Amino acid sequence: MGGEETPAVRRVKAGSIAAAVNGYYRSTEFKGLAKSTQDVYSGVLNRFVERHGDGPIATMQPKNINIIIDEMADTPSAASNFRKRLKAVMDYAVSAGLRSDNPVVVAKRVKLKTKGHRTWTEEDITKFRKQHKVGTPLRLAFEVLLHTGLRRSDAVRLGWQHFTKDGFAISTKKSQGHVELCIPVHADLARYIADCPKDGPAFIATMYGRARSEKAFSSWISEAAGDAGLPEGSSPHGVRKAACRRLAEAGCSALEIMSITGHTDIREIERYCREAAKKKLAVAAMAKLQNGFDKKLPNPSDKLGKSADKSLKSLSGKAVWRSRQDSNLQPAE
């Protein structure tokens with residue numbers, strides 16, 4: 001995998017689907033992906049090639065793709081991922097002159113009813129910190145995630161080698177290409193990493209001093225979250241989303257947040273900003289409602305109610321309701 005010819009597509013015939021996938025693996029688009037992303041993508045495509053690799057790429061039609069997508073109806077997420085990966089292969093096929101159009105463009109889309117990784121709440125953060133004390137590797141790993149907003153693949157690489165006078169300078173690798181980041185060091189995080197070995201491979205390391213793999217890291221954090229009583233699905237990516245949420249709630253603009261997290265799609269970050277704005281607007285709206293209508297009665301004077309000939313009527317007494325029209329035409333009884 002990872003850009004090399006895999007056993008599933010090593011021996012192929014010209015013009016076949018397998019040949020197109022093989023060519024895609026050698027393309028600049030595929031080689032520009034992170035190694036972990038390459039592995040995921042090639043896993044999806046290799047399974048496709050095992051079943052349909054001998055078919056001609058030039059005659060594949062939208063209806064053929066729709067049949068495959070329908071076969072995956074019980075796993076919509078997998079169907080959606082397959083469609084995306086096949087679209088990339090067909091884009092390559094068009095650029096390589098293997099066909100004139102991309103049939104995936106007009107094939108059916110997969111509707112996913114999911115919100116993705118759950119964002120950690122402030123209550124989650126408090127619970128995790130209470131369970132995993134200062135000085136433990138889990139606490140250090142968590143604080144690195146929360147105070148940098150990095151993806152797990154970048155968080156496990158972060159170390160003193162990235163430290164500069166301006167902050168952590170690190171190059172993140174996304175499907176869209178490299179993103180150069182310079183993340184100022186939060187004062188709280190500075191205290192957590194102060195005792196980390198200067199010659200270590202990364203801040204987040206195993207008990208043997210080696211850097212952790214991103215897959216093992218995800219399981220490690222998720223299990224620790226479960227031990228702290230957090231809901232199922234509390235993952236490292238949820239901590240990254242919590243970092244975005246916190247920045248938005250602190251009043252940061254979408255562009256400011258993107259400069260920290262490395263997001264390239266502003267629409268993704270604007271969701272956090274809208275949610276943070278909704279909370280602030282709700283507080284402001286309720287304050288206006290209270291100030292505009294919920295008027296408090298003035299404190300009664302000590303002299304009120306003491307004169308027998310000027311007794312006050314109870315404010316809770318039953319009032320006689322009359323319409324505005326009646327009140328204009330007839331005097332009160």
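# Close-up views of a predicted model

**Figure 1. A salt bridge joins helices H8 and H10 in this predicted model.** The side chains of Arg-152 and Glu-214 meet in a salt bridge, with 3.2 Å from N to O. Arg-152 belongs to helix H8 and Glu-214 to helix H10, so the bridge ties together parts of the chain that are 62 residues apart in sequence. Arg-152 counts as partly exposed, because its relative accessibility is 32%. Glu-214, with a relative accessible area of 18%, is buried, because buried means under 20%. By the rule used here, the model contains 20 salt bridges.

**Figure 2. Arg-245 and Glu-122 form a salt bridge between helices H11 and H6.** The N to O distance in this pair is 2.7 Å. The bridge links distant parts of the chain, since Arg-245 in helix H11 and Glu-122 in helix H6 are 123 residues apart. Arg-245 is buried, at a relative accessible area of 13%, whereas Glu-122 is partly exposed, at 34%. Through salt bridges that share partners, Glu-122, Arg-245, Arg-246, Glu-249 and Lys-279 are joined into one network.

**Figure 3. Helices H6 and H7 are linked by the salt bridge of Arg-129 and Glu-143.** The closest N and O atoms of Arg-129 and Glu-143 are 2.9 Å apart. Arg-129 lies in helix H6 and Glu-143 in helix H7, so the salt bridge ties together parts that are 14 residues apart in sequence. Glu-143 has a relative accessible area of 0% and is therefore buried, while Arg-129, at 24% relative accessibility, counts as partly exposed. Another residue of helix H7 is Arg-139. With a relative accessible area of 8%, Arg-139 is buried. Beyond its neighbours within four places in sequence, Arg-139 is in contact with Arg-129, His-132, Lys-133, Val-134 and Tyr-192.

**Figure 4. The largest nonpolar core contains 35 residues.** Trp-120, Ile-193, Phe-203 and Phe-217 have the most contacts inside this core. Two or more residues each come from helices H6, H7, H9, H10 and H11 and from strands E2 and E3. Helix H7 gives the most, with 7 residues. Once neighbours within four places in sequence are set aside, Phe-217 is in contact with Ala-141, Leu-145, Arg-152, Val-156, Ile-204, Arg-212 and Pro-236. A second, separate core has 27 residues, among them Ala-18, Ile-65, Met-72 and Leu-86.

**Figure 5. Helix H11 is mostly covered.** Of the 14 residues in helix H11, 10 are buried. They include Pro-236, Gly-238, Val-239, Cys-244 and Ala-248, together with the charged residues Arg-240, Lys-241 and Arg-245. These buried residues pack against helices H6, H7, H8, H10, H12 and H13. At 1.5 Å a residue, helix H11 should span 20 Å, and its end C-alpha atoms are 20 Å apart, which agrees. Just after the helix, Gly-251 takes a positive phi of about 100°.

**Figure 6. Buried residues of helix H3 pack against four helices, H1, H2, H4 and H5.** The buried residues of helix H3 include Gln-38, Tyr-41, Leu-45, Asn-46, Phe-48 and Val-49. Helix H3 comprises residues 35-52. Its 18 residues should span 26 Å at 1.5 Å a residue, and the end C-alpha atoms are 25 Å apart, which agrees.

**Figure 7. Met-286, Leu-289 and Phe-293 form a nonpolar patch on the surface.** Together the three residues have about 360 Å² of accessible area. Phe-293 is part of helix H13 and counts as exposed, because its relative accessibility is 67%.

**Figure 8. Met-207 lies in the loop between helices H9 and H10.** With 73% relative accessibility, Met-207 counts as exposed. Met-207 and Pro-137 are 70 residues apart in sequence, yet their C-alpha atoms are 8.6 Å apart in space.

**Figure 9. The whole protein has 14 helices and 3 strands.** Of its 333 residues, 37% are buried. The protein exposes about 21,200 Å², of which carbon and sulfur atoms supply 54%. Among contacts between residues at least 6 apart in sequence, 59% join residues at least 24 apart.

Conventions. Residues are numbered from 1 along each chain as its sequence is written. This is a predicted model: local features need pLDDT of at least 70, side-chain atom pairs count only at pLDDT 80 or more; totals for chains, interfaces and linings use all residues. Side-chain values use heavy atoms; hydrogens and water are left out. A nonpolar core is a set of buried Ala, Val, Leu, Ile, Met, Phe, Trp, Tyr and Cys residues joined through side-chain atoms within 4.5 Å. Buried means under 20% relative accessible area, exposed over 50%, partly exposed in between (1.4 Å probe, protein chains only). Contact means heavy atoms within 4.5 Å. The expected span of a helix is 1.5 Å times one less than its number of residues. Patches are made of residues with over 30% relative accessible area and no salt bridge: like charges are joined within 9 Å, nonpolar side chains (Val, Leu, Ile, Met, Phe, Trp, Tyr) within 5 Å. Accessible areas come from the Shrake-Rupley method with a 1.4 Å probe; for residues, only the protein chains shown count as cover. A salt bridge is a side-chain nitrogen of Lys or Arg within 4 Å of a carboxyl oxygen of Asp or Glu.
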